[in-house]
Amino acid sequence: AQFNYNRLTTDDFGEDLMSSVSVRAGIQKVFLINRRNSIQLSLMGDWDIYNDVDELDRSEYIGDVTWRFKIMRDLVFAVNYRYTWMDYSQVDRGDSLNIVGATLTWSPRKWLDIYAISSFSFNESNLDVFDYETATLGGGIGVKIKF
């Protein structure tokens with residue numbers, strides 16, 4: 001479970017564009033197939049408690065599945081699919097967001113990840129102006145802190 005506060009501002013003196021409060025809850029389960037393969041499933045819901053922009057007041061329902069394959073002990077390939085249904089409460093709008101992605105992660109140290117990411121997403125809305133497709137490629141370095 002998670003409590004979220006979001007505030008969007010402009011560059012001009014921090015003028016508020018949007019402010020919202022929401023609650024998110026979910027469950028996840030990892031299924032170990034063998035030493036190299038695993039599948040993770042998760043279901044989540046995110047409900048706006050307050051949003052000062054009526055057109056953005058919504059609830060989100062999310063399903064996610066990820067397959068991970070350990071190529072080597074320190075090299076992992078993962079493929080992910082996420083479906084999100086966005087139900088807008090103050091306007092007649094519903095969006096169906098689909099995201100497919102792949103990640104290759106190399107962990108040369110227990111505290112260091114180097115990764116490459118690609119994803120493709122498309123949104124289908126009952127309002128045509130909100131339909132879109134997008135693809136991204138990227139990479140990064142992550143530092144893990146365990147305690």
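**Exercise 1. Find how strand 4 is connected and paired.**

A hairpin of 2 residues joins strand 4 to strand 5, where strands are DSSP runs of E with at least two residues, numbered from the N terminus. The model is a predicted one, in which local features need pLDDT of at least 70 and side-chain atom pairs count only at pLDDT 80 or more, while totals for chains, interfaces and linings use all residues. Residues are numbered from 1 along each chain as its sequence is written, and side-chain values use heavy atoms, with hydrogens and water left out.

*Solution.*
Step 1: Begin with the pairing that accompanies this hairpin; strand 4 and strand 5 (residues 75-88) run antiparallel and are joined by 14 bridges, two strands being counted as a pair if DSSP finds at least two bridges between them.
Step 2: Take one residue of strand 4 as a marker, and note that Gly63 has Tyr83 as its bridge partner in strand 5.
Step 3: Turn to the other neighbour, strand 3 (residues 37-51), which pairs with strand 4 (residues 58-72) in the antiparallel sense over 11 bridges, and to which strand 4 is connected by a hairpin of 6 residues.
Step 4: Use Leu41 as the marker here, since the bridge partner of this residue in strand 4 is Val65.

**Exercise 2. Work out the order of the whole sheet, and explain why its edge strands have a side without a neighbour.**

*Solution.*
Step 1: Count the elements; the chain has 0 helices and 8 strands, helices being DSSP runs of H or I with at least four residues.
Step 2: Place the strands, which form an open, antiparallel sheet in the order 1-2-3-4-5-6-7-8.
Step 3: Look at the edges, where strand 1 (2-9) and strand 8 (132-143) each have a single partner strand, so one side of each is left without a neighbour in the sheet.
Step 4: Add the twist, for neighbouring strands of this sheet are turned by 20° against each other on average, direction ignored, with the axes fitted as lines to C-alpha atoms.
Step 5: Check the edge at strand 1, which is joined to strand 2 (residues 16-32) by 8 bridges, with Ser20 as the bridge partner of Asn6.

**Exercise 3. Decide whether Asp64 and Asp131 are buried or partly exposed, and describe their surroundings.**

*Solution.*
Step 1: Locate Asp64 in strand 4, and Asp131 in the loop between strand 7 (112-125) and strand 8.
Step 2: Apply the cut-offs, by which buried means under 20% relative accessible area, exposed over 50%, and partly exposed in between (1.4 Å probe, protein chains only); Asp64 is buried at 12%, whereas Asp131 is partly exposed at 36%.
Step 3: List the contacts (heavy atoms within 4.5 Å), leaving aside residues up to four places away in sequence; Asp64 touches Gln40, Leu41, Ser42, Asn80, Tyr81 and Arg82, and Asp131 touches Asn123, Glu124 and Ser125.
Step 4: Look for polar contacts, that is, pairs of N or O atoms within 3.5 Å in which, within protein, one must be able to donate a hydrogen and the other to accept it, and residues adjacent in sequence count only if both atoms are side-chain atoms. The side chains of Asp64 and Asn80 are joined by such a contact of 2.8 Å, while a polar atom of the Asp131 side chain lies 2.6 Å from the backbone nitrogen of Ser125.
Step 5: Finish with a distance across the sequence, as Asp131 and Ser96 are 35 residues apart in sequence and 9.3 Å apart in space, C-alpha to C-alpha.

Terms used
Axes are lines fitted to C-alpha atoms, for helices over the stretch in contact, and angles run from 0 to 180 degrees between N-to-C directions.
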